[in-house]
Amino acid sequence: MLHNGSLINTVHNNNTPSTAYVLLDENGSFLQYRKYGSDRRALFDIDYGRHHSTDDWLHIHFYKGGREANTRSLTEKEKR
């Protein structure tokens, strides 16, 4: 999400259950998609950027109990 050209990070808990948000950079390019569950906690993030790498890549972070559980590359099917 952007506000006056500044990045606003998504939160781990959301007031509205089962929603999702998209985070964009100042040029409108995709950075992150975060999906929340019925318990209002983050279920997963799909990110484009560096994660333990020197290259940008599309990857997914899964959450369990509100904490990051694991990260992996997206499969070809998920990219579609």
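The chain exposes about 5700 Å², and carbon and sulfur atoms supply 47% of that area. This is a predicted model, so please hear every value that follows as computed from it. Of the 80 residues in the chain, 22% are buried.

Staying with the surface for a moment, there is a nonpolar patch of about 320 Å², made by Val22, Leu24, Phe30 and Tyr48. Of these I will single out Tyr48, which sits in strand β5, residues 42-49. Its relative accessible area is 40%, so Tyr48 is classed as partly exposed.

Next, confidence. The mean pLDDT of the chain is 81, and 81% of the residues reach 70 or more. By element, the lowest mean belongs to strand β1, residues 2-3, at 42. The highest belongs to strand β4, residues 30-36, at 90. At the start of the chain, pLDDT stays under 50 over residues 1-7. The model has 19 contacts beyond four places in sequence for that stretch.

Now the layout. The secondary structure comes to 7 strands and 1 helix. Along the sequence the pattern is β-β-β-β-β-β-β-α. As for contacts, take those between residues at least 6 apart in sequence: 14% of them join residues at least 24 apart.

One strand pair to look at is β6 with β7. Strand β6 covers residues 57-64 and strand β7 covers residues 67-73. The two run antiparallel and are joined by 6 bridges. Which residue of β7 is the bridge partner of His61? The partner is Thr71. The hairpin of β6 and β7 has 2 residues between the strands, and in it Gly65 takes a positive phi near 65 degrees.

Positive phi also turns up at residues other than glycine, and I have two to show. The first on my list is Ser18, with phi near 60 degrees. Ser18 is found in the loop between β2, residues 6-7, and β3, residues 20-24. With a relative accessible area of 43%, Ser18 is partly exposed. The next is Arg40, which is not a glycine either and has a positive phi of about 75 degrees. Arg40 belongs to the loop between β4 and β5. Its relative accessible area is 43%, which puts Arg40 in the partly exposed class.

That leaves the charged pairs. Side chains of opposite charge can pair when their charged atoms come close. How many salt bridges does the structure hold? It holds 3.

Let me start with Asp45 and Arg34, whose side chains meet at 2.5 Å, N to O. Asp45 lies in strand β5 and Arg34 in strand β4, so this pair ties together parts that are 11 residues apart in sequence. Are the two partners buried or exposed? Asp45 has a relative accessible area of 1%, and is therefore buried. Arg34 counts as buried too, because its relative accessibility is 4%. The cut-off in use for buried is under 20%.

The next salt bridge joins the side chains of Glu78 and Arg72, at 2.8 Å, N to O. Here Glu78 counts as partly exposed, at 36% relative accessibility. Arg72 also counts as partly exposed, at 30%.

The remaining one is formed by the side chains of Lys79 and Glu76, at 3.4 Å, N to O. Both belong to helix α1, residues 76-79. They are 3 residues apart there, so about one helical turn separates them. Lys79 is partly exposed, with a relative accessible area of 45%. Glu76 counts as exposed, since its relative accessibility is 53% and the exposed class begins over 50%.

To go back over the main points on the structure as displayed: the sequence pattern puts the helix after the strands. Strands β6 and β7 form an antiparallel pair with 6 bridges. Asp45 and Arg34 form a salt bridge, with Asp45 buried at 1% and Arg34 buried at 4%. On the surface, Tyr48 belongs to the nonpolar patch of about 320 Å². As for caution, the stretch to keep in mind is residues 1-7, where pLDDT stays under 50.

Definitions and conventions. Residues are numbered from 1 along each chain as its sequence is written. Side-chain values use heavy atoms; hydrogens and water are left out. Patches are made of residues with over 30% relative accessible area and no salt bridge: like charges are joined within 9 Å, nonpolar side chains (Val, Leu, Ile, Met, Phe, Trp, Tyr) within 5 Å. Accessible areas come from the Shrake-Rupley method with a 1.4 Å probe; for residues, only the protein chains shown count as cover. A salt bridge is a side-chain nitrogen of Lys or Arg within 4 Å of a carboxyl oxygen of Asp or Glu. Helices (H or I, at least four residues) and strands (E, at least two) are DSSP runs, numbered from the N terminus. Buried means under 20% relative accessible area, exposed over 50%, partly exposed in between (1.4 Å probe, protein chains only). pLDDT is the predictor's confidence in each residue, from 0 to 100. Contact means heavy atoms within 4.5 Å. Two strands pair if DSSP finds at least two bridges between them.
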